[in-house]
Amino acid sequence: MTPERRKAVWAIYVWCRRTDELVDGPNSSYITPKALDRWEKRLEDLFEGRPYDMYDAALSDTASKFPIDIQPFRDMIEGMRLDLWKSRYRTFDELYLYCYYVAGTVGLMTVPVMGIAPDSKASAESVYNAALALGIANQLTNILRDVGEDSRRGRIYLPLDELAQAGLTEEDIFRGKVTDKWRRFMKGQIQRARLFFDEAEKGVMHLDSASRWPSWHRCGCTGRSWTPSRRTTTTTSPSARTWARRRSSCLYRPRTRGRLFRHEQRKAKRSRRSDVIFFFFFFLLSCHPTMIFAGCCIYSAICLPYTCRGI
Ligand SMILES: CC(C)=CCC/C(C)=C/CC/C(C)=C/CC/C(C)=C/COP(=O)(O)OP(=O)(O)O
């Protein structure tokens with residue numbers, strides 16, 4: 001990513017982190033809806049070029065350089081408002097809305113910074129939808145990872161109607177006992193999160209090429225690596241997290257990368273083919289002792305640069 005875009009993404013990240021800290025951080029017990037209203041007023045001010053502090057100034061600067069819209073930022077604050085009073089989600093629709101507020105919005109905030117590839121034939125809407133899906137997928141994954149932690153705070157972010165259909169109760173969640181019913185239920189939840197990752201992955205290749213790598217990383221490593229993990233269906237312990245992270249770096253990277261950058265793979269294959277042809281040519285020349293020097297010169301002057309271009 002270009003340094004300017006990187007700074008802009010940091011500014012967005014810092015604002016999101018601070019917003020999240022309001023309801024999840026050490027002072028969260030003092031946060032009231034009024035405090036969130038003040039935070040929203042501060043957001044409006046910084047979008048109008050009146051930042052309160054240097055972190056706001058970073059986002060204010062980003063808003064002046066990139067076509068970011070204020071609405072996803074407002075929506076994220078709305079998600080924090082929800083977190084102040086809501087600790088149960090009756091259906092997936094309710095949960096989806098929460099996921100949009102607290103995570104899908106991040107996708108919408110970042111696409112204008114990352115940029116859409118100039119040669120992309122995809123509509124802007126489909127790229128934004130993919131970005132939204134990446135946020136939802138990550139939030140669902142976090143929810144599945146943190147069931148134990150959330151339940152200790154009295155929160156259940158799993159759709160209650162689906163829990164009931166699986167024959168599970170709130171008590172089962174608080175007890176934290178892993179049963180076959182629980183495993184079956186989690187498998188279904190994981191499958192759904194993976195669908196959102198699939199949706200997101202389709203959009204990454206339409207991003208500006210300089211911005212694809214971090215998005216792909218979020219699709220393939222930090223998020224999705226959790227979802228196929230069997231261990232996450234049975235435990236939410238820190239060791240399982242470490243295990244899943246390790247797994248993500250060795251298994252998921254090559255597979256997803258292969259899919260995302262298929263055209264780059266084809267390019268590399270073409271380059272390997274030309275490499276073989278040139279090497280053969282070089283070999284023929286080198287058969288005669290007087291031609292070894294000439295062969296080296298021809299190879300390094302003509303063939304090598306041509307071969308490397310394709311990589
Ligand atoms: C796919 C396309 C077209 C674009 C990508 C656009 C981007 C970068 C979207 C990012 C969406 C995203 C990853 C949102 C994050 C939401 C989330 C759940 C954050 C939590 O982050 P963690 O670091 O996992 O949280 P913890 O601190 O709880 O571990």
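Arginine 42 is buried in this predicted model, with a relative accessible area of 17%, and I would like to begin there, since a charged side chain is a good place to ask what lies around it. Which residue does arginine 42 form a salt bridge with? The partner is aspartate 56, and the closest N and O atoms of the two are 2.7 Å apart. Aspartate 56 is buried as well, with a relative accessible area of 2%. If you follow the chain, you will find arginine 42 in helix α2 and aspartate 56 in helix α3, which covers residues 54-65, so this pair ties together parts that are 14 residues apart in sequence. As a general point, side chains of opposite charge can pair when their charged atoms come close.

Let me stay with salt bridges for a moment, because the count for this model comes to 26. Another of them joins aspartate 45 and arginine 50, where the closest N and O atoms are 2.9 Å apart. Here the two partners sit in different surroundings, as aspartate 45 is buried at a relative accessible area of 6%, whereas arginine 50 is partly exposed at 43%. A similar question can be put to glutamate 94, whose side chain meets that of arginine 90 in a salt bridge of 2.8 Å, taken from N to O. Is glutamate 94 buried or exposed? With 18% relative accessibility, glutamate 94 counts as buried, since the limit for that word is 20%, while arginine 90, at 56%, counts as exposed. There is also a network, in which salt bridges that share partners join Asp37, Glu40, Glu44, Arg74, Glu78 and Arg81.

Glutamate 94 leads us on to lysine 86, which you will find in the loop between α4 and α5. The side chains of lysine 86 and glutamate 94 are joined by a polar contact of 2.7 Å. Lysine 86 counts as buried, with a relative accessibility of 14%, and once we set aside residues up to four places away in sequence, lysine 86 touches Glu94 and Arg155.

Now let us turn from the charged residues to the nonpolar ones. In soluble globular proteins, nonpolar side chains tend to be buried together. How many residues does the largest nonpolar core have in this model? The answer is 58, and the residues with the most contacts inside that core are Trp15, Leu95, Leu158 and Trp182. Several helices each supply at least two residues of the core, among them α1 (3-24), α2 (33-47), α4 (71-85) and α10 (180-204). The helix that gives the most to this core is α5, with 10 residues. To see what such a residue meets, take leucine 95, which, leaving aside its neighbours within four places in sequence, is in contact with Tyr89, Leu140, Ile143, Tyr157 and Pro159. A second core, separate from the one just described, has five residues, including Val111, Met114, Ala131 and Leu207.

Pro159 comes up again when we look at glutamine 189, whose place is in helix α10. Glutamine 189 touches Leu144, Pro159 and Glu162, not counting residues up to four places away in sequence. This glutamine counts as buried, at 8% relative accessibility.

Next come the cysteines, and here I would ask you to look at cysteine 16 and cysteine 99. How many disulfides are there in the model? The count comes to zero. The nearest cysteine sulfur to that of cysteine 16 belongs to cysteine 99 and is 15 Å away; because a disulfide here requires the two sulfurs to be within 2.5 Å, the sulfur of cysteine 99 is too far from that of cysteine 16 for a bond. Both residues are nevertheless inside, in the sense that cysteine 16 counts as buried at 11% relative accessibility, and cysteine 99 counts as buried at 0%.

Finally, let us move to proline 214, which lies in helix α11, residues 212-223. Proline 214 counts as partly exposed, at 30% relative accessibility. Along the chain, proline 214 and valine 204 are 10 residues apart, and their C-alpha atoms are separated by 9.6 Å. Leaving out residues up to four places away in sequence, proline 214 touches Met1 and Met114, and Met114 is one of the residues of that second core.

Notes:
Residues numbered from 1 in each chain as written. Predicted model: local features only at pLDDT ≥ 70, side-chain atom pairs only at ≥ 80, totals over all residues. Heavy atoms only, no water. Buried < 20%, exposed > 50% of the residue type's maximum accessible area, 1.4 Å probe, protein only. Core = buried A, V, L, I, M, F, W, Y, C linked by side-chain atoms within 4.5 Å. Helix = DSSP H or I, 4+ residues; strand = E, 2+ residues; numbered from the N terminus. Contact = heavy atoms within 4.5 Å. Polar contact = N/O pair within 3.5 Å; in protein donor to acceptor, adjacent residues only side chain to side chain. Salt bridge = Lys/Arg side-chain N within 4 Å of Asp/Glu carboxyl O.
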